[in-house]
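Trainee: Please pick a single part of this model and take me through it closely. I would like to know what surrounds that part and how far the prediction can be trusted.

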Amino acid sequence: MVHVDNIKDKILIIRGERVMIDRDLAELYGVETKRLNEQVKRNINRFPADFMFQLNDGERKELVANCDRLKPLKHSTNNPYAFTEHGAIMIATILNTPQADKMSVLVVRAFVKMREFISAQADIAKRLDELEKTAAGHDKTIQQLVAAIRQLMIPVNKSERKIGFDRKKNG
């Protein structure tokens, strides 16, 4: 049994998009990667650029370097395809197998969970920025208070003429 969290771990960010690699989707949907890619090519009109893209050599090398489970791609002659959430769902419709139907629901849930996680991270980052700005404002206020107190601590020169009426001189 596959759990949503296991699928979520297979969602990667490439070119600023949350995607799953063809190899991982094939495994989830219970088909060979070759068969999955054949079906995609037969139905290429269902996969516009915002549904899928092929990794370049540099992206594949980085992927292999950062993901131990993708080490077999190191010696592959073809660069893998990356599928966005919509592309991953579309694959389930063209494979049309019971396992693909079941897994497509879990894939959608995994992408939703990932979106929620990223949204929560963005909210925390926003709050930290606000806190930092507030603290910076407080720092300036504290510096001004300290400067004012230091001014008050400077001794008064007694040789200066005092303000007010002096009875001894005017007496």
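**A close look at helix α4**

Mentor: The protein chain has 7 helices and 4 strands; helices (H or I, at least four residues) and strands (E, at least two) are DSSP runs, numbered from the N terminus. Their order from the N terminus is α-β-β-α-α-β-α-β-α-α-α.

This is a predicted model, in which local features need pLDDT of at least 70 and side-chain atom pairs count only at pLDDT 80 or more, while totals for chains, interfaces and linings use all residues. Residues are numbered from 1 along each chain as its sequence is written, and side-chain values use heavy atoms, with hydrogens and water left out. The pLDDT (the predictor's confidence in each residue, from 0 to 100) averages 80 over the protein chain, and 87% of the residues score at least 70. Confidence is highest in strand β3 (residues 52–54), with a mean of 94, and lowest in helix α7 (residues 167–170), with a mean of 65.

Now to the helix itself. At the start of α4, a side-chain oxygen of asparagine 56 comes within 3.1 Å of the backbone nitrogen of glycine 58. Helix α4 covers residues 57–66, and its buried residues are Glu59, Arg60, Leu63 and Val64. Buried means under 20% relative accessible area, exposed over 50%, and partly exposed in between (1.4 Å probe, protein chains only). Viewed down the axis of α4, the buried residues fall within an arc of 135 degrees, so they line one face of the helix; the arc is that of the directions from the helix axis to the C-beta atoms. On the other side of α4, Lys61, Glu62, Ala65 and Asn66 are exposed. The cover over the buried residues of α4 includes β1 (12–14), β2 (17–21) and β3.

The nonpolar cores give the wider setting. The largest nonpolar core has 27 residues, and Tyr29, Leu36, Phe83 and Ile91 touch the most other members. A nonpolar core is a set of buried Ala, Val, Leu, Ile, Met, Phe, Trp, Tyr and Cys residues joined through side-chain atoms within 4.5 Å. Two or more residues of this core come from each of α2 (22–29), α3 (33–42), β4 (81–83), α5 (85–95) and α6 (98–153). The largest share, 7 residues, is from α6. Apart from this core lies another, of 12 residues, among them Phe53, Leu55, Val64 and Leu70. Val64 is also one of the buried residues of α4. Across the protein chain, buried residues make up 32% of the 171 residues.

Definitions and conventions:
Contact = heavy atoms within 4.5 Å. Polar contact = N/O pair within 3.5 Å; in protein donor to acceptor, adjacent residues only side chain to side chain.
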